[in-house]
Amino acid sequence: MAAPKVAVIGAGVIGLSTALCIVETCPSCSVTVLSDQFSPNTTSDVAAGMLIPHTYPGTPIHVQKQWFKETFTYLFAISNSAEASEAGIQLVSGWQVFKSPPKEELPFWSDAVLGFRSMSEAELQKFPQCRFGQAFTTLKCECPPYLLWLEKRLKATGVQMYNRKISDLWELHSEYDIIVNCTGIGAHQLVGDKKLFPVRGQVLQVYAPWVKNFIRDGDGLTYIYPGIHRVTLGGTREKESWNLSPDPSTTKDIFDRCCSLEPSLREAHDIKVKVGLRPSRHCVRLQREVLNQEGVKLPVVHNYGHGAGGISVHRGTAKDAARLVGECIAALRGSSSGAKL
Ligand code: FAD
């Protein structure tokens with residue numbers, strides 16, 4: 001069989017990182033990325049980009065931990081290289097604070113971040129409304145530069161990228177051997193996945209260079225995440241809302257909540273508002289499927305539904321998706337050598 005032709009649909013963090021892992025693990029493949037939007041117009045571009053996992057109830061914890069560890073290790077190496085600023089990756093230290101101690105004092109990812117510990121009484125004095133807190137160092141991945149960095153690496157390996165909206169996976173059948181579906185919330189329409197739903201999130205990006213530590217309330221609804229140029233303030237979680245327009249009353253509410261955690265933010269200025277739809281599902285759909293139309297087969301690998309935590313696990317799920325692409329290639333080679341016998 002000639003070099004297998006693989007089409008990756010989607011140019012968010014999942015599509016681009018999956019395309020890169022396919023190139024790394026199957027160098028004989030010819031990989032093309034097709035997407036109706038590229039950075040800076042994807043959901044990934046809106047993400048705060050903190051490596052703090054969200055829990056998927058339908059995925060075993062050891063698998064989620066593995067995805068997170070692989071992503072952390074990969075980005076940690078970039079943060080420790082000369083490419084850190086171009087790729088938008090930095091280490092950030094800070095606090096997760098609670099009004100009362102949580103049921104689980106040690107989250108499953110506590111040994112994957114750096115220096116996880118309970119906050120001291122002296123540290124807690126910064127947050128008079130809180131009785132418990134955790135301090136740790138994690139990574140922040142700013143997607144607008146990170147996606148450009150991934151695109152640059154893909155182009156350097158010969159990957160082609162085209163602006164194209166796909167209405168039906170079968171339209172790619174005559175051009176490609178394997179399709180990889182990384183369409184995020186777009187999979188709701190593209191493959192009719194009714195288990196996938198949007199969770200609308202609104203965030204503010206402000207100029208407040210004096211804020212150096214992240215602060216997050218225990219349920220993750222209010223957060224302050226300092227980045228390389230701006231501080232991200234969040235957030236909201238509105239299930240089943242498809243509305244991409246910023247809401248001014250929500251902007252005020254987010255700003256007030258963040259100021260109650262970090263009063264110095266009252267002096268923040270140049271507020272920009274962004275909205276994104278988290279592609280949510282009870283578990284990530286990371287699966288191989290063979291579509292069949294009147295005996296004609298089309299191998300597909302799905303990698304979508306990362307909800308509120310796609311940046312935190314992207315490299316781990318991309319590696320698993322690339323492994324599934326490898327299985328598809330082995331199956332195609334098996335069937336083409338069988339056909340020759
Ligand atoms: P997307 O970025 O949406 O990419 C999907 C791609 O598919 C796009 O390029 C789109 O154009 C393309 N596409 C879709 N349909 C089609 C089609 N039919 N034909 C062609 N192309 C198509 N995660 C974290 O880990 N940490 C955080 O701090 C964090 N903060 C967040 C804050 C907010 C406000 C939001 C909204 C999300 C946040 N997330 C965070 C979650 C994270 O953004 C997502 O999990 C992640 O971006 C999903 O990536 P994706 O590549 O699957 O989707």
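Q: In this predicted model, where is Glu240 found?
A: Glu240 sits in the loop that runs between strand S12 and helix H7 (248-261).

Q: What makes the phi of Glu240 worth pointing out?
A: Phi of Glu240 is near 65°. That is a positive value, and the residue is not a glycine.

Q: Which residue in strand S13 (residues 269-280) can be set beside it?
A: Asp270 has its place in that strand. Asp270 has a positive phi of about 55°, although it is not a glycine either.

Q: What is the omega of the cis peptide bond joining Ser39 and Pro40, and where does Pro40 lie?
A: Omega is about 15° for this cis bond. Pro40 belongs to the loop between strand S2 (30-35) and helix H2 (61-79).

Q: Which two glycines are joined by a cis peptide bond?
A: Gly234 and Gly235 are, with omega about -5°. Gly235 is in the loop between strand S11 (231-234) and strand S12 (238-239).

Q: Now to the helices: at what angle do the axes of H1 and H5 cross?
A: The axes of helix H1 (residues 13-25) and helix H5 (residues 143-156) cross at roughly 30° and come within 10 Å.

Q: Why is H1 called roughly parallel to H5?
A: Angles under 35 degrees count as roughly parallel. The crossing angle is roughly 30°, so H1 is roughly parallel to H5. The crossing is also left-handed.

Q: Which residues make the contact between H1 and H5?
A: H1 brings Val13, Leu16, Ser17, Ala19, Leu20 and Val23. From H5 come Cys143, Tyr146, Leu147, Leu150, Glu151, Arg153 and Leu154.

Q: How many residues of this contact are nonpolar, polar and charged?
A: The contact of H1 with H5 has 10 nonpolar residues, one polar and two charged. Glu and Arg count as charged, and Glu151 and Arg153 are part of the contact.

Q: On to the ligand: which residues come nearest to it?
A: Of the 36 residues around the ligand, Ser35, Asp36, Ser44, Gly307 and Ser312 come nearest.

Q: What makes the pair between the ligand and Ser35 a polar contact?
A: A pair of N or O atoms within 3.5 Å counts as a polar contact. An oxygen atom of the ligand is 2.9 Å from an N or O atom in the side chain of Ser35, so this pair qualifies.

Q: Which backbone atoms pair with the ligand in this way?
A: A polar backbone atom of Ala11 is 3.0 Å from an oxygen atom of the ligand. For Ala48, a polar backbone atom is 3.2 Å from a nitrogen atom of the ligand.

Terms used: Residues are numbered from 1 along each chain as its sequence is written. This is a predicted model: local features need pLDDT of at least 70, side-chain atom pairs count only at pLDDT 80 or more; totals for chains, interfaces and linings use all residues. Side-chain values use heavy atoms; hydrogens and water are left out. Axes are lines fitted to C-alpha atoms, for helices over the stretch in contact, and angles run from 0 to 180 degrees between N-to-C directions. Helices (H or I, at least four residues) and strands (E, at least two) are DSSP runs, numbered from the N terminus. Angles under 35 degrees count as roughly parallel, over 145 as roughly antiparallel, 65 to 115 as roughly perpendicular and the rest as oblique. A crossing is left-handed if the near helix is turned anticlockwise from the far one by less than a right angle, and right-handed if clockwise. Contact means heavy atoms within 4.5 Å. A residue is near a molecule or strand if one of its heavy atoms lies within 4 Å of it. A polar contact is a pair of N or O atoms within 3.5 Å; within protein, one must be able to donate a hydrogen and the other to accept it, and residues adjacent in sequence count only if both atoms are side-chain atoms.
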